[in-house]
Amino acid sequence: MKKNRTLFVLALGIFGITTTEFGVIGILPEIASAFAVSMDKAGLLLSAFAIVVALSGPFIIIALSSFDRKKVMVFSLLIFAITNVLSALVKDFHWLLFIRMLPACFHPVYWSVALSVAAKSAGTRDASRAVSIVFSGLTIATVLGVPLATLVSNVFNWQTSFLLSALINLIAMLGILCWLPPIGAGDRATAFPAKEMLKNGRLWVNVLLAFMMITAMYATYGYMADFLKTVSGMNGKAISGMLLLFGIMGVAGNRLAGKYMGRFPYQTTLVFILLLTLSHLLLYYLGSFLMPAVLVVGIWGLIHAGGFLISNINVTAAADNAPEFINSIFTSCGNFAVTAGSLLGGYWISTFGIHEVVWSSIICLIAALLILLLREKLLRKRETTGTPV
């Protein structure tokens, strides 16, 4: 029971920081209008945040490894809350962009510690289930945080959505402070990976696979609100409803990914790539029709949600020492991919139009499929001949 409580408290913190990172997705059109900037420039609010996370990840983990990890997690959530309040008060887009980048430095600390604590608390056999519970914070943020931020923006204004994110982070901070058992400081010596880890070919193949999968996910998802508004003809309240549906279906998808990834990692990854490709094709051909679009959004959400979990398990399974450092590698990879997806999607929209954005995701998914098939071929070769990957 205490073990599950620890996992749920960690998930609460993930919920808070994920709402801050991705809450802007549903309000990008309003922000673009308020500051008179283009949609691809407004998309920097997502991509710039992600690039700071990606660049700072491994280094900040090493720098803070000797500090009490629970206190660092609490401080990280406090920074998120303060910067959300400042984001609601700013009057210039460039200042908004700068303020958004400040909490991003603390994002990888929370993610890496939370995932490693979850895996350690469950043991090898139940690690996938434990990590899936922590990842449910991301999924529930999609269910509640992102659509709620969109809804309050439409009912009140876009500034209110940032204040909502600040409140969520404060609640998460109090939850961590009150209910998370003491963690203590890490061992600074173990924060630095062995040379063998950095030479681990399987690790870097899985990092590349994760990068292509997450890039594909966010090239289209990052502009979901604009797609539903422009192509599907939905208003603000309908879009917030679609984000809610997307997230609700994602809860089930996250559970399914956690259930099968532990037993069938290759098959689960393969099915994910194929089904996500199918969902984007359905979005392209049916997205302009209202009721079919609703159905497609539900299917898309069910599949999309498992992507981060599947990617994380692929990466961490390739190396079992220095788990916090490996999780920071994954966090950096994931946020580089979110940045790449946002930039790719923005470029695709400005060049070909919003309806065509799904093809940017499909191209990345084809690349991910080729990497996965090549990885399995190399692994089979190693098993039969002893040849290194």
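**Core, cavities and aromatic pairs**

Alanine 114 has a relative accessibility of 0% and therefore counts as buried. The model examined here is predicted. Alanine 114 belongs to helix H7. When neighbours within four places in sequence are set aside, the contacts of alanine 114 are Leu10, Ile14, Met73 and Val134. Leucine 7 stands 107 residues away from alanine 114 in sequence, yet the C-alpha to C-alpha distance between the two is 8.4 Å.

The nonpolar interior was examined next. The largest nonpolar core is made up of 111 residues, and Ile31 and Tyr110 have the most contacts inside it. Helix H7 supplies the largest share of this core, with 13 residues. For isoleucine 31, again without the neighbours within four places in sequence, the contacts are Leu45, Phe93, Leu96, Trp158 and Phe162. There is also a second core, separate from the largest one; this second core has five residues, among them Ala141, Val152, Leu164 and Ile168.

Empty space inside the protein was also considered. In general, rolling a probe the size of a water molecule over the atoms reveals where space has been left empty. Four cavities of 30 Å³ or more are present in the structure. The volume of the largest cavity is about 90 Å³. The lining of this largest cavity consists of Thr18, Glu21, Phe22, His107, Trp111, Leu138, Phe308, Phe330, Thr331, Gly334 and Asn335. Two or more of these lining residues come from each of helix H1 (2-22), helix H7 (107-155) and H17. The most is given by H17, which contributes four residues to the lining. By residue type, the lining of the largest cavity contains five nonpolar residues, five polar residues and one charged residue.

Aromatic rings form a further set of contacts. In total, 15 aromatic pairs were counted. One of them joins tyrosine 284 and tryptophan 359 in an edge-to-face arrangement, with 5.2 Å between the ring centres and 70° between the planes. This pair connects distant parts of the chain, since tyrosine 284 lies in helix H14 (residues 265-286) and tryptophan 359 in helix H18 (residues 358-385), 75 residues apart. Tyrosine 284 has a relative accessible area of 17% and so is buried, whereas tryptophan 359, at 27%, is partly exposed.

Tryptophan 348 and phenylalanine 352 form a tilted pair, with ring centres 5.0 Å apart and an angle of 45° between the planes. Both of these residues lie in helix H17 (residues 323-352), and the four residues that separate them in sequence correspond to about one turn of the helix. Tryptophan 348 counts as buried because its relative accessibility is 16%. Phenylalanine 352, with a relative accessible area of 48%, is partly exposed.

Ring pairs also join Tyr218, Tyr221, Phe246, Trp300, Phe308 and Phe330 into a cluster. Phe308 and Phe330 are included in the lining of the largest cavity as well.

A final feature concerns the backbone. Alanine 36 has a phi angle near 55°, which is a positive value in a residue other than glycine. The position of alanine 36 is in the loop between helix H2 (28-35) and helix H3 (39-42). With a relative accessible area of 72%, alanine 36 is exposed, whereas alanine 114 is buried at 0%.

Conventions:
Residues are numbered from 1 along each chain as its sequence is written. This is a predicted model: local features need pLDDT of at least 70, side-chain atom pairs count only at pLDDT 80 or more; totals for chains, interfaces and linings use all residues. Side-chain values use heavy atoms; hydrogens and water are left out. Rings of Phe, Tyr and Trp (its six-membered ring) pair if their centres lie within 6.5 Å; planes under 30 degrees apart count as stacked, over 60 as edge-to-face and the rest as tilted. Buried means under 20% relative accessible area, exposed over 50%, partly exposed in between (1.4 Å probe, protein chains only). On a 1 Å grid over the protein atoms alone, a cavity is a set of points where a 1.4 Å probe fits but cannot get out, and a pocket is an open set with protein on both sides within 12 Å along at least five of seven lines; lining residues have an atom within 4 Å of a point. Grid points are joined across faces, edges and corners, and a volume is the space filled by probe spheres set on the points. Ala, Val, Leu, Ile, Met, Phe, Trp, Tyr, Cys and Pro count as nonpolar, Asp, Glu, Lys and Arg as charged, and the others, Gly among them, as polar. A nonpolar core is a set of buried Ala, Val, Leu, Ile, Met, Phe, Trp, Tyr and Cys residues joined through side-chain atoms within 4.5 Å. Contact means heavy atoms within 4.5 Å.
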